[in-house]
Amino acid sequence: MAKKRKPPSIKGDQRPDTRSEGEKYGTPRAHDPHFRGPVVNRSCTDVLCCMIFMLFIMAYILLGLAAWVNGDPRRVAYPTDSQGYFCGQKGTPNENKSILFYFNMLTCTSPSVVVNLQCPTTQICVSKCPERFLTFMEIQFKYKNDSEYWTYYSQFCRTTFLKPVETLSQVLLDNDCPSAIYPSKPFLQRCFPDFSTKNGTLTVGNKTVFDDGSGKTRNAAELRKAANGINKALDARAIGVKVFEDYATTWYWILIGLTIAMFLSWMFVMLLRFTAGLLFWIFTFGVIGIIAYGIWRCYLEYSRLEEQPGSHLNAYTIGIQTDISMYFRLKQTWFALMIILCLLELFIILMLIFLRTRIRISIALLKEGSKAIGYIPSTLIYPALTFFFLSVCISYWAVVALYLATSGAPIYKVIAPQGQCEHENKTCDPVGFNTTEIAKACPGAQCHFAFYGGKSLYHQYITTFQLLNLFVFLWLINFVIALGQCALAGAFASYYWALKKPDDIPPYPLFTAFGRAIRYHTGSLAFGSLILAIIQMFRLILEYLDKRLQKAQSNISKFLKCCLRCCFWCLEKAVKFLNRNAYVMMAIYGKNFCKSARDAFNLLMRNILKIAVMDRVTDFVLILGKILVAGCIGVLAFLLFTERLPVIIEGPTSLNYYWVPLLTVIVGSYIIAHGFFSVYAMCIETIFICFLEDLERNDGSAEKPYYMSQSLMKIMNRRNVETKKQ
């Protein structure tokens with residue numbers, strides 16, 4: 001009697017995984033045989049997250065109110081003198097003095113110091129900037145013959161004198177008047193030197209050298225160094241005026257160009273049902289042809305070099321060369337390039353052969369998406385609503401950040417011109433500062449306004465409030481985008497699950513889907529957007545630390561920083577992709593975020609090859625569409641603004657910079673095309689998810705018919721029972 005042979009034993013984790021792909025990533029669920037589109041009878045999902053989201057919004061509103069009560073944006077709009085008073089503020093002694101004047105600009109080291117009011121010199125509000133060279137010592141002699149000199153000079157003094165009785169040393173010690181004034185111009189409501197160039201030499205008020213009032217002769221270069229970059233800023237102001245003139249001349253042409261871009265984007269989306277396959281195959285065969293030409297060119301160069309002397313040399317023989325062209329004189333280089341291109345050509349051809357069915361499915365889905373938008377044209381208007389919501393969020397965040405930044409009372413700090421004082425940067429009181437011990441210990445030290453702050457609990461947590469403002473802003477931005485994706489997914493799902501299109505499409509599908517998303521899935525949308533906001537917050541903190549610690553970084557820390565930046569970027573992209581598909585499942589079945597994300601992930605993993613091909617085909621078509629729209633409008637705008645279409649149409653003449661309206665039209669056209677194609681991309685993604693669900697849920701019987709289009713059925717070799725009978 002033959003013994004039964006025992007199967008070989010497999011220990012522990014050595015047993016092979018014999019599960020099918022469907023078992024690994026979840027088998028298709030037992031579906032409702034009477035499913036006819038997005039579920040109508042729903043319940044609220046992720047209620048706890050919805051409550052937390054509402055609490056954060058209420059806290060955000062309270063934070064805005066607190067910032068509005070304590071902040072003062074006038075501190076940004078008006079410059080502030082050394083005493084903390086606003087220049088040009090109505091109802092104050094400085095109402096008619098809207099410009100800030102610096103006693104000694106030479107003590108300032110950079111324009112950022114000047115703008116931030118940290119220049120270690122006295123600053124007062126004046127009605128106009130000086131227009132001539134004068135020193136205090138000159139005034140003491142000239143006012144005796146002509147009092148007009150002192151009348152003019154005294155308007156730049158801190159206190160009013162009938163005559164210049166003080167000595168120069170006393171004036172410098174008390175900071176009552178500047179030791180010298182020189183021609184200046186107002187910029188950003190501040191007096192800056194009037195620089196100009198004369199015969200290639202830098203001058204101030206047509207002078208290359210001048211007296212600084214203390215007996216020293218200075219040149220314009222020294223003053224320029226103290227106010228480095230200010231002259232460029234003045235030039236930038238003149239450029240800004242010219243740019244504004246160009247916009248005033250061409251604004252209606254810009255609007256016409258953007259309107260044409262909107263029409264072209266709509267036409268491109270509508271015509272994709274006829275041209276999607278043509279565009280893809282033209283591009284594909286074009287790439288194959290270019291690679292084939294490269295192979296032929298490499299072969300010709302290889303044959304030519306083989307006949308020349310020294311052709312036996314190779315890369316190892318000549319070694320490392322800084323001149324890259326040396327390697328192209330070797331036949332070995334062209335042979336290697338020819339092999340690489342041949343392998344690439346073979347790879348593309350094999351991919352087209354083995355993935356031809358999936359490529360046909362992707363093209364058919366692109367055409368189906370164009371039809372869906374044609375039946376629900378209101379979806380093309382939805383990006384305007386999203387733009388409005390995003391504008392509200394951005395405006396509120398900017399206003400709250402401004403009010404938080406200007407909260408508090410004026411804080412004064414000790415500033416020493418020579419930077420050699422043990423009390424420097426300490427808090428001080430400008431009233432009676434010259435009689436304090438600090439003024440005696442540090443001659444020349446001054447008590448100047450530094451910033452706004454306070455010691456209350458509110459002011460101690462200003463930085464925390466700014467971080468909270470940023471975090472809630474990111475949360476709201478992601479929520480608005482998620483709401484749009486869920487609403488569009490619900491509308492396009494209603495189209496797909498209509499058996500007889502367009503007769504069975506429910507009325508107002510976009511409005512209905514938007515209402516369902518707001519009423520039932522606010523918590524789920526907030527949950528998904530919260531995950532994204534946390535990741536983006538970490539990325540921003542990482543970038544901030546990188547900027548602050550840039551000089552103190554070692555090679556290891558830089559490497560770790562790059563790794564973290566790459567990881568967070570990949571994580572954000574992956575979460576965005578998963579969230580979009582989760583919102584599609586949520587719009588169809590009405591489940592919470594976690595269950596929708598799990599179902600979407602399992603469905604995608606069971607169809608990973610279809611996903612890869614679909615994404616690449618869709619990305620190619622959308623990128624091509626954006627470039628096509630922006631390129632066409634850009635070419636027309638270039639011909640118009642450069643006056644090269646006088647026979648057809650007469651455009652604007654005498655533009656200062658034609659590239660200003662040209663770039664505006666090109667960027668605006670690209671943004672408009674992106675808005676249209678973002679709707680189209682969401683449409684394709686929704687229809688693709690529905691298509692995969694349709695394949696798993698239905699079998700073509702009378703009870704469970706396929707909802708896909710006839711072209712998709714033909715590609716998949718599927719038919720409904722009614723179709724077979726016909």
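The following dialogue asks what lies behind some labels used for this predicted model.

Visitor: What makes up the protein in terms of helices and strands?
Guide: The protein has 24 helices and 12 strands. Of its 726 residues, 44% count as buried. Among contacts between residues at least 6 apart in sequence, 72% join residues at least 24 apart.

Visitor: Why is E572 called buried?
Guide: Buried means under 20% relative accessible area. E572 has 8% relative accessibility, so it counts as buried. E572 lies in helix α19, residues 555-589.

Visitor: What makes the link between the side chains of E572 and R539 a polar contact?
Guide: A polar contact needs a pair of N or O atoms within 3.5 Å, one able to donate a hydrogen and the other to accept it. The side chains of E572 and R539 make such a contact at 2.5 Å. The value is therefore inside the cut-off.

Visitor: Which residues is E572 in contact with, leaving aside its neighbours within four places in sequence?
Guide: L532, I535, Q536 and R539. Contact here means heavy atoms within 4.5 Å.

Visitor: Why is Y508 called exposed?
Guide: The label needs over 50% relative accessible area. Y508 is at 65% relative accessibility, so it counts as exposed. Y508 sits in the loop between α16 (462-496) and α17 (509-520).

Visitor: What is notable about the phi of Y508?
Guide: Phi of Y508 is positive, about 50 degrees, although the residue is not a glycine. D46 also has a positive phi, near 50 degrees, and is a residue other than glycine. D46 is found in the loop between α1 (21-24) and α2 (47-70).

Visitor: Why is α22 said to be largely enclosed by the rest of the structure?
Guide: Of the 39 residues of α22, 28 are buried, so the helix is largely enclosed.

Visitor: How do you know that the span of α22 is close to the expected one?
Guide: Expected span is 1.5 Å times one less than the number of residues. For α22, residues 659-697, that gives 57 Å. The helix reaches 55 Å from its first C-alpha to its last. The two values are close.

Visitor: What does the same test give for α12?
Guide: Helix α12, residues 356-375, has 20 residues. It reaches 29 Å, close to the 28 Å expected.

Visitor: Which residues of α12 are buried?
Guide: I359, I361, S362, I363, A364, L365, L366, E368, G369, S370, A372 and I373. Each is therefore under 20% relative accessible area.

Visitor: How many cavities of 30 Å³ or more does a search of the whole structure find?
Guide: The search finds 4. The largest holds about 70 Å³ of space. F101, Y102, F103, M105, A180, I181, Y182, S184, C191 and P193 line the largest cavity. The elements giving two or more residues to that lining are β1 (99-102), β4 (180-181) and β6 (190-193).

Visitor: How do the lining residues of the largest cavity divide into nonpolar, polar and charged?
Guide: There are 9 nonpolar, 1 polar and no charged. Tyr and Cys count as nonpolar, so Y102, Y182 and C191 belong to that group. Ser is not on the nonpolar or charged list, so S184 counts as polar.

Visitor: What makes one residue in the lining of the second largest cavity charged?
Guide: Asp counts as charged, so D212 takes that label. The lining has 5 nonpolar, 2 polar and 1 charged. Its residues are F103, N104, L106, S179, A180, Y182, F210 and D212. The second largest cavity has about 50 Å³ of space.

Key:
Residues numbered from 1 in each chain as written. Predicted model: local features only at pLDDT ≥ 70, side-chain atom pairs only at ≥ 80, totals over all residues. Heavy atoms only, no water. Helix = DSSP H or I, 4+ residues; strand = E, 2+ residues; numbered from the N terminus. Buried < 20%, exposed > 50% of the residue type's maximum accessible area, 1.4 Å probe, protein only. 1 Å grid on protein atoms, 1.4 Å probe; cavity = no way out; pocket = protein on both sides within 12 Å on 5 of 7 lines; lining within 4 Å. Points joined across faces, edges and corners; volume = space filled by probe spheres on them.
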